[in-house]
Each structure stands twice: as C-alpha cells, then as structure tokens.
Amino acid sequence: MSEEIDDGNLISKTEAFLTFVVLSSWKDTITVLKSCETLSPWAENLQIVRRCCDSIAWKAPRDNSMVNDEGWCFDDVASLRIDHFTRIITAIRAKGAKPEIIGKCIMRYADIWLPGMDAELEGLRGYGYGKNELQFSILTGRKEDEGIEHSKEQKSIIESLVSILPPQPEAAPCKFLLKMLKMAMVYSASQALISELEKRAGMMLENANVNDLLIPNYKSEDQGKMVKSLEKRTMHNTDVVQRMVEYFLMHEQEKQQLPPTSGKSSVSKLLENYLAEVAKDPNLSITKFQLLAEALPERARACDDGLYRAIDTYLKTHPSLSEYDRRRLCKIMSCGKLSLDACMHAAQNDRLPLRTVIQVLFSEQVKMRAAMQGKEPAASDNNSEQEITQTSTKTEIMTLRAELENVKTQMTELQRDYSELQHEYEKQNNKHRNGSAWNFGWTKIRTSALFHRKLDGNEGGEGHQRSNSLGSKINFRRRLSIS
C-alpha cells in the first residue's frame with residue numbers, strides 16, 4: 001500500500017513539475033522531449049512524451065501570420081526524432097493548423113534529415129553512362145559501413161513524412177514531392193507510397209520543370225545502384241513521368257466543370273523539353289519515346305516546334321533507325337503546326353523521311369503565302385523596302401511551287417515505272433518460274449539509263465539554284481528508298 005502511495009506521489013509531483021516548470025517554456029519543452037529519446041519506456045509510462053507533444057502543438061504557429069514572427073520554431077521541432085516529430089505534427093493538425101504550415105515544417109525536417117535530396121540529384125546528372133556503377137552512397141558522402149542501418153532509417157523517415165503530409169495541394173510544392181519521390185525510389189519505399197507521390201506530383205505537374213522530372217533509373221533491390229541490364233539501361237526513368245502525365249490528365253478531366261486554365265499548355269511545353277533531354281539517351285527505345293510524345297492529346301499543343309526539336313534530337317542520337325521507324329516517329333508531329341522557321345529547318349533536314357519533307361514543304365508554302373497576305377495592307381504606305389520584300393517572297397513562293405510540281409511529276413513517273421516493272425515481273429514469273437531471273441532483270445533495270453533519267457531529270461530550268469540544294473537531295477533520297 002505504501003508503495004502505491006509513493007508511486008502516486010511521484011506521478012503527482014511529476015505532473016506539477018511538468019505543468020508549472022517545463023511546459024511553460026518552449027525551449028524547456030523541446031529539451032525535455034529530446035532527453036526522452038534515451039528514456040522512451042519510462043518517459044512513455046509517465047506520459048511525459050504525450051504532455052510535451054501536446055504542449056508544443058498548442059504553442060506552434062497555426063497560420064502564416066504567426067510563421068513570420070515564430071518561424072524559428074520549425075528548426076526546434078525538426079531537430080526531434082522522427083517518432084516524436086510525427087506525434088507533434090499529428091497533434092498540430094488536430095488543433096486546426098493550416099496545411100501550408102504543416103507542409104513547411106515537414107519540408108524543413110526533410111532538409112535536415114534527408115541530406116541526399118539535393119546532393120543525389122545534381123550528382124547523378126553529372127555522371128555519364130561509363131560511371132553507372134557508382135553507388136548513391138558515394139554521391140551523398142555516406143560511408144559504406146553505414147549501409148543497411150542508414151538505409152532503414154532514411155526509408156522510415158521518408159515513409160513517415162509522406163504519411164503525415166496533408167492532402168491539400170498547398171501543403172507542399174510539386175518540386176518537393178518529386179524530390180521525395182526520387183528518395184523513395186532510391187531507398188526502396190513501398191510501391192503504395194511511390195504511387196501516392198506520383199499521383200500527387202502528377203496533379204501539380206504544370207508547376208514542375210525539366211530538372212525535376214529527370215529521375216535516375218534505379219534498381220529497387222540495389223539501394224540506388226543504376227540499372228545495368230541491356231533492356232532497361234536507360235539513364236532516366238521515363239515510365240514514372242508517363243504515369244504522372246496520366247494522373248495529370250485524369251485530374252484535368254475532373255476539373256472540366258471549372259473555368260479553363262493553361263495547365264495543359266504548360267505541361268505540353270514541359271513534356272517537349274523533357275523529351276528533348278531524354279532523346280539524348282542512346283538506349284531509349286523508340287516505343288518509349290513515342291508513348292511519351294503521345295501521352296498528351298494533340299489538341300494540347302498549339303505549336304509542334306518543341307516536339308520537332310525532340311524528334312530531331314532522337315534521330316541524331318539514333319542514326320541507325322530504319323526508314324519505317326523514322327516515318328513512324330515523324331507521324332507524331334503535325335507539320336501544319338510547325339512555325340515558318342521550323343519548316344525551313346525541316347525542309348533541309350537529311351534525317352527526316354522524304355514524305356515528311358514534302359509535307360513540310362507544303363506547310364511552308366502555305367505559311368509563306370499567309371505571311372505575304374498579312375503584309376499586303378501595308379503596301380499602300382509606298383514603302384520601298386516592304387515592296388522589295390514582298391517581291392522576293394513572291395518569287396521564292398513561285399520557285400518553291402515549281403519545285404513541288406517537279407517532285408510530284410517525278411513521283412508519278414516513278415510510280416508508273418514501278419507498275420510497269422511489276423507487270424513485267426509477273427509476265428517473267430509466269431514464263432520462267434525462277435526468282436533468280438527476276439533478280440537479274442531488276443538489277444539490270446535499276447542500272448539502266450532510262451531509270452536514272454527518270455530520277456535525275458528536270459534538274460535544270462526554273463529555280464535551278466534551289467533545285468541543286470533541295471530538289472536533287474529529295475531525288476537522291478527517293479532513289480535510295482525506291483531501290
């Protein structure tokens with residue numbers, strides 16, 4: 001009985017000490033709570049941890065006006081152990097603190113306890129494909145003997161911070177969510193947590209930039225080692241970005257009843273810039289590039305100049321692509337949505353298939369005509385410079401039109417020749433039933449003067465100078481594709 005009375009007196013004295021001495025001061029409360037980290041069972045039994053957490057929650061700022069004066073409190077709370085920090089944030093949320101206040105506190109905690117959030121991003125971008133054996137631990141300066149324990153601690157912190165992050169968009173910016181996503185992938189967090197971060201970042205994708213989306217391609221089982229297999233040895237994880245774009249589109253559909261925003265336009269430009277970056281990866285498959293390029297609907301892009309730049313970069317990095325794959329890739333963009341400057345560049349681009357070049361030439365002609373018509377009202381100003389410019393434009397358009405007619409005529413003749421050759425082949429096949437005879441005949445026809453005359457004809461005449469630079473190039477490339 002006397003022992004129970006002594007225990008009761010001890011608890012009463014402890015309560016009084018906490019209430020009138022410790023809990024009345026912010027700094028003292030933080031100090032006591034940090035001391036409890038080494039006395040967890042005893043401190044929990046006496047409810048010291050609970051009382052300290054509740055006291056801090058009551059004193060913590062609840063809106064932005066209080067943060068301006070009391071922002072220093074974030075550093076104090078962020079210095080605590082993750083389990084105590086989680087309890088404090090839960091208590092603050094229960095007392096009605098605004099999401100952005102809680103978000104700022106969580107971001108401050110991540111800055112202190114997850115130092116690799118910034119170090120690993122910049123470090124990995126600087127390493128090429130020849131150094132993909134480097135471990136994430138080297139980039140962050142972590143020692144190898146800390147490996148397993150450190151990884152478990154970091155993983156626990158990541159999962160705890162994401163679990164207490166308020167769901168409202170204003171709680172954390174897209175940049176922070178993407179950093180957390182990269183860290184979650186590095187430390188093999190649960191797939192559910194990674195999916196949650198992808199969804200939340202995808203809903204705010206218009207606020208991201210290209211560097212935020214350059215997520216290194218890690219093996220989940222290797223604690224941050226980059227992928228080594230031949231099938232997946234790409235520098236960046238494009239699947240994550242594609243899923244985030246899908247989440248963005250789903251979120252946009254849910255907001256259709258609200259006033260329209262410029263979200264799709266911003267994400268379209270973001271995706272084009274991202275494609276131009278990942279297109280430099282020689283191991284990126286054409287299928288993945290195409291899926292990313294087609295992730296957004298065509299109507300989301302007002303201009304396809306950025307997409308053309310990305311496609312041209314991919315063709316430059318992958319020179320061994322077949323003609324079929326080149327045509328397949330160029331079908332993604334709309335030549336009618338290219339600016340006049342992009343059309344002029346594409347018309348002289350040897351990497352593009354012939355069909356695309358012809359479409360670009362037609363589009364360039366239309367745009368030049370529209371540009372000329374737009375200048376006509378100003379002709380009444382008797383400005384000699386404008387008249388000279390319009391005359392030059394008209395001459396160039398007529399020359400271009402003549403070249404296009406030449407190309408169309410030559411294509412018609414080549415198609416007719418091809419039909420005749422096919423008919424001749426059928427006759428020869430019926431007579432001889434021998435494939436070698438056809439091969440010999442086809443080789444002979446290809447090298448004949450008539451075939452080359454069809455291809456090389458009409459190079460003189462009007463527009464001789466442009467025909468040498470453009471018409472002959474088109475004829476030569478068409479000859480290669482037919483042969």
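Helices here are DSSP runs of at least four residues, numbered from the N terminus. On that numbering, Thr 234 of this predicted model sits in the loop between helix H14 (210-213) and helix H15 (238-254).

Although it belongs to a loop, Thr 234 is buried, its relative accessible area being 7%. Its side chain makes a polar contact of 3.0 Å with the side chain of Asn 217. The side chain of Thr 234 also reaches the backbone oxygen of His 236, at 3.3 Å. Leaving aside residues up to four places away in sequence, Thr 234 touches Asn 217, Asp 281, Asn 283 and Leu 284. Asn 217 therefore appears twice around Thr 234, as a partner in the side-chain polar contact and as one of the residues in contact under the 4.5 Å heavy-atom limit.

The next topic is the aromatic rings. A search of the whole structure finds three aromatic pairs. In one of them, the ring centres of Tyr 109 and Trp 113 are 5.5 Å apart and the planes meet at 15 degrees, so the pair is stacked; the limit for that label is an angle under 30 degrees. Both residues belong to helix H8 (residues 99-113), and because they are four residues apart there, about one helical turn separates them. Their accessibilities fall into separate classes, since the cut-off for buried is under 20%. Tyr 109 has 0% relative accessibility and counts as buried, whereas Trp 113, at 26%, is partly exposed.

Another pair, Phe 289 with Tyr 314, is tilted, with 4.8 Å from centre to centre and 35 degrees between the planes. Phe 289 lies in helix H17 (residues 286-293) and Tyr 314 in helix H18 (residues 305-317), so this pair ties together parts that are 25 residues apart in sequence. Phe 289 is buried at 0% relative accessible area, and Tyr 314 is buried as well, at 1%.

Ring pairs also join Phe 85 to Tyr 109 and Trp 113 in a cluster. The stacked pair of helix H8 is thus part of that cluster, because Tyr 109 and Trp 113 are both members.

Finally, Ala 371 is placed in helix H21 (residues 354-375). With a relative accessible area of 35%, Ala 371 is partly exposed. Its C-alpha atom is separated by 9.3 Å from that of Leu 340, a residue 31 positions away along the chain.

Conventions. Residues numbered from 1 in each chain as written. Predicted model: local features only at pLDDT ≥ 70, side-chain atom pairs only at ≥ 80, totals over all residues. Heavy atoms only, no water. Phe/Tyr/Trp six-rings, centres within 6.5 Å; stacked < 30°, edge-to-face > 60°. Helix = DSSP H or I, 4+ residues; strand = E, 2+ residues; numbered from the N terminus. Buried < 20%, exposed > 50% of the residue type's maximum accessible area, 1.4 Å probe, protein only. Polar contact = N/O pair within 3.5 Å; in protein donor to acceptor, adjacent residues only side chain to side chain.
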